[in-house]
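Reader: I would love a close look at one part of this protein. Could you pick a single spot, start there, and then work outwards until the rest of the chain comes into view?

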Amino acid sequence: MKAALFINGQPPNFFIDLAQYDLIHCTDGAINYLTQKGIKADIISGDFDSIETPKLSYTHELISTPDQDFTDFEKALAILSERGVSTVHVYGTSGKQQDHFLGNLTAAYRFFDQMTILMFDDFGYYFFAEKKLELSGYKDRTISLYPFPVAEKVHTEGLKYPLILEDLDIHKRIGIRNKAIENLVKISYEKGALLVFILNN
């Protein structure tokens, strides 16, 4: 099952083909953006403290998640995981308050071994990579690798600045602003966690 998840960051400014999704879920104030666009969410979750829409349709499924120990994004991912969703495209992860952006990355990290989570914004998309990854059709696109906080023995093929079984560490060395020079890019690592950013250029 594939879901779109809208959270309360910077709203996307590009076309989204909603027909590809089995489920549309949004957290709290993100319903304001969807309402403006005439998009109906199947599920709205959160503590509902940011909703401006005066009256929600009774056909929405409302799930109250008031626990302040977890973010609305993390609680939404838990709901989708429990419902058997295997792929989530997230919109609104970045922008606005940057502490939220860092918190959203942490939430995605906690769930990336349970489902595929791709996070989109106006500049591209980003995700936590599996241990072996192949990217096709991205020649000349900027690709950044960011350890979270460490990725050991990173190996790449098809990038302008290759890594040959090298360690990336947030305290020492990261791998941002690389470029694909081949249509097929291969990325692998042995241990840790690695964020991959693919920019629109």
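Author: Happy to. Let us start with Y138, which is buried, with a relative accessible area of 16% (buried means under 20% relative accessible area, exposed over 50%, and partly exposed in between, with a 1.4 Å probe and protein chains only). Before going on, please keep in mind that this is a predicted model, in which local features need pLDDT of at least 70 and side-chain atom pairs count only at pLDDT 80 or more, while totals for chains, interfaces and linings use all residues. Residues are numbered from 1 along each chain as its sequence is written, and side-chain values use heavy atoms, with hydrogens and water left out.

Y138 sits in the loop that links strand 8 and strand 9. Helices (H or I, at least four residues) and strands (E, at least two) are DSSP runs, numbered from the N terminus. Setting aside neighbours within four places in sequence, Y138 is in contact with Y125, A180, N183 and I198, where contact means heavy atoms within 4.5 Å. K160 follows 22 residues away along the chain, and its C-alpha atom is separated from that of Y138 by 13 Å.

The loop that holds Y138 also holds D140, between strand 8 (132–136) and strand 9. D140 is not a glycine, yet it has a positive phi of about 75°. Its relative accessibility is 47%, so D140 counts as partly exposed.

Beyond this loop comes strand 9, which covers residues 142–157 and includes P149. The peptide bond leading from F148 into P149 is cis, with omega near -10°. Further on, L165 lies in the loop between strand 9 and strand 10 (166–169). L165 is another residue that has a positive phi without being a glycine, here about 50°.

The UniProt record gives a frame for this region: an unreviewed entry carries the annotation "domain: Thiamin pyrophosphokinase thiamin-binding" over residues 137–195. UniProt positions are given in the numbering used here, feature names are shortened, and annotations may be inferred rather than shown by experiment. Over residues 137–195 the chain is 0% helix and 59% strand, and the C-alpha atoms at the two ends are 19 Å apart.

Now to the end of the chain's strand list: L199 belongs to strand 13 (residues 191–199). Apart from neighbours within four places in sequence, L199 is in contact with F123, G124, R141, T142 and R177. L199 and I143 are 56 residues apart in sequence, but their C-alpha atoms are 6.4 Å apart in space.

One of those partners, G124, lies in strand 7 (residues 124–128). G124 counts as buried because its relative accessibility is 6%. Not counting residues up to four places away in sequence, G124 touches M119, I198, L199 and N200. I198 is thus a partner of G124 and also of Y138, which brings us back to the starting point. L5 is 119 residues from G124 along the chain, and the C-alpha atoms of the two are separated by 16 Å.

Two further places help to fill in the picture. In strand 3 (residues 43–46) we find I44, which is buried, with a relative accessible area of 0%. I44 and I31 are 13 residues apart in sequence and 7.4 Å apart in space, C-alpha to C-alpha. Helix 2 (residues 72–82) has buried residues too, among them F73, L77 and L80. G84, just after helix 2, takes a positive phi of about 85°.

Stepping back to the whole protein, there are three helices and 13 strands. The C-alpha trace spans about 55 × 35 × 30 Å along its principal axes. With 201 residues, a compact globule would have a radius of gyration near 17 Å, and the protein has 18 Å, which agrees; the radius is taken over C-alpha atoms, and the globule rule is 2.2 Å times the number of residues to the power 0.38. Buried residues make up 48% of the 201 residues. Among contacts with a separation of 6 or more, 58% come from residues 24 or more positions apart. The accessible surface comes to about 10700 Å², and 51% of it belongs to carbon and sulfur atoms; such areas come from the Shrake-Rupley method with a 1.4 Å probe, and for residues only the protein chains shown count as cover.
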